Amino acid sequence: MGAAEGAVMDRKLYIDGRWVDAIGGGSAVIHDPATGEPVGTSAIATAADVDAAVVAATRAFPAWAGMHPDKRAQIMHRAADLIAERIDAIADILTREQGKPVPDSKKEIAFGIEVIRYYAEEGRRVHGSIRPASRGDIRNLVTSHPVGVVAGIIPWNYPVDLYAWKVAPVLAAGCVLVAKPPHETPLAIGMVVQCFEEAGLPAGVLNDIPGTGPEVGAALSAHDGIHMITATASVPAGQAIMRAAAGNLKRLSLELGGQCPFIVLDDADPVEAAAGAARRSFSNMGQICIAVNRIIVGKGIHDRFVEALVAETEKIKLGHGVEPGVLYGPVLNESVRTRTARHLDDAVARGGKLLTGGTVPKGGIFDKGFFYQPAVVDQVPEGALATSEETFGPLAAVQVVDGDAEAIRIANALPFGLAAYVFSGDLERGWSVAEKIEAGAVGVNVNDTSDLQAPFGGWKMSGMGRELGPEGLNAFLEKKHLKIRLRSAV
């Protein structure tokens, strides 16, 4: 399995240490969203393949859970080494199947490598404790144990990175994984799985079955042989997973959608804030769960900020992500363009003012791919689609507020709470506002909220559980209390 750079790739399912066709024979052609040309093909799993993968994982679990953590760490480090050696080839495939430019693909893969190495070491530090007891002849031991067979559901926007977020802590904890890569972007993940295979991962410890949510995702969620689900998905998908998982009370770690506010207080540097907002709004064409959706700007700085934001946005040049110098590519497919245009039209119909972008570029490669010029809309009211739903596309909606209290109210008004951002020239003021925001993470004067050693996850309908940091490993461990009575030796 695999492909040379620029070649068409053919990947299969990976079950019980073997690359196999789907039981039902299903497959899909993966197309480059910039050109429409085929990048490769992938087997597409069904519920029958889920059963086979769960059987393999269940059989592999006892030996993997009993393996010394140092040995598990060696295998994970070797897999990370192999991914690093092949980063150029994996990045080329990732760009051609997903659309993000090669520099962003390499950055994504490099962070995934860091995640694998981090959890390889964290897995060596899992420990228990001796707790105080109510009697002198009692000893309370608390120990940690892997939860068992885990299902991982991975999205298409950052497939390699978020695959690492799932597979690394699962394996480091001594669990085994049945992963469902996205059927839209399964190819680069296939190359990563191959690295784990070559690193010596025992058969059945990692099973990888690309498929759709309604088929494979639903089967995993309802399967009695799955003990836990870790998923990055939309809110409706997360709700469906919860309902299906209730049958055997699976443990859940769900990172779901957001509608992230970017607050610009009136003492902020408008140029600095605009550069941060533009990059976080339009990186990966806005197809990021922590992308900026609503930009909430203090009235006193509004005009200068918007002028700077338009200038930053108009610097963006679209192109095929494999071409040198291209920093912004296409969106994944037509549905993203359609949703973005619908949100834009709704914002304008409600009184918003389109300042730049919002068009489909024409000519050359633009006629072949799913390109969309990033848009900035000013004075978008509350209740508009762009300020109440997740666009997941290249659209930034600006709202004007009179003061900090109104900014906080608007930021907290929605039932989502994944990430938020606050820019201010006064750290104490920015910090005070950040503490009042209802979100799992808040960036203060920085336009990113993820960090390897800190927990990542949402409040409210943006999910439950945490990834990254020690919390990301602890999610896959069960606690056991051993209460021991000592007999007197005298």
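Arg125 is partly exposed, with a relative accessible area of 48%. This value comes from a predicted model. The partner of Arg125 is Glu122: the two form a salt bridge, and their closest N and O atoms are 2.9 Å apart. Is Glu122 buried or exposed? Glu122 counts as buried, because its relative accessibility is 13% and the cut-off for buried is under 20%. So a buried residue, Glu122, pairs with a partly exposed one, Arg125.

**Salt bridges**

How many salt bridges does the structure hold? The count is 26. Side chains of opposite charge can pair when their charged atoms come close. Three of the pairs are listed here.

| Salt bridge | N to O distance | Relative accessible area |
|---|---|---|
| Glu122 and Arg125 | 2.9 Å | Glu122 13%, Arg125 48% |
| Glu478 and Arg251 | 3.0 Å | Glu478 37%, Arg251 26% |
| Asp404 and Arg429 | 2.7 Å | Asp404 23%, Arg429 23% |

Take Glu478 and Arg251. Their side chains meet in a salt bridge. Glu478 sits in strand β23 (residues 477–485) and Arg251 in strand β12 (residues 251–255), so the pair ties together parts that are 227 residues apart in sequence. Glu478 is partly exposed. Arg251 is partly exposed too.

Next come Asp404 and Arg429, which also form a salt bridge. This pair links distant parts of the chain, 25 residues apart: Asp404 belongs to helix α13 (residues 404–411), Arg429 to helix α14 (residues 427–435). Asp404 is partly exposed, and Arg429 also counts as partly exposed. Which residues are linked with Asp404 and Arg429 in a network of salt bridges? They are Asp266 and Asp267.

**An open sheet**

Now to the strands. Strands of a sheet pair through backbone hydrogen bonds, either parallel or antiparallel. Here, three strands make an open sheet with mixed pairing, in the order β1-β5-β4. Why is one side of β1 and of β4 left without a neighbour in the sheet? β1 (9–11) and β4 (27–31) stand at the edges, and each has a single partner strand, so one side stays free of a neighbour. On average, neighbouring strands of this sheet are turned by 15 degrees against each other, direction ignored.

Look at β4 and β5. β5 covers residues 38–43, and the two strands pair in the antiparallel sense over five bridges. Val29 has its bridge partner in β5: Thr41.

A helix joins the picture. Helix α6 (residues 187–198) lies across β1, β4 and β5. The helix runs at about 65 degrees to β1.

Definitions and conventions: Residues are numbered from 1 along each chain as its sequence is written. This is a predicted model: local features need pLDDT of at least 70, side-chain atom pairs count only at pLDDT 80 or more; totals for chains, interfaces and linings use all residues. Side-chain values use heavy atoms; hydrogens and water are left out. A salt bridge is a side-chain nitrogen of Lys or Arg within 4 Å of a carboxyl oxygen of Asp or Glu. Buried means under 20% relative accessible area, exposed over 50%, partly exposed in between (1.4 Å probe, protein chains only). Helices (H or I, at least four residues) and strands (E, at least two) are DSSP runs, numbered from the N terminus. Two strands pair if DSSP finds at least two bridges between them. Axes are lines fitted to C-alpha atoms, for helices over the stretch in contact, and angles run from 0 to 180 degrees between N-to-C directions. Contact means heavy atoms within 4.5 Å.
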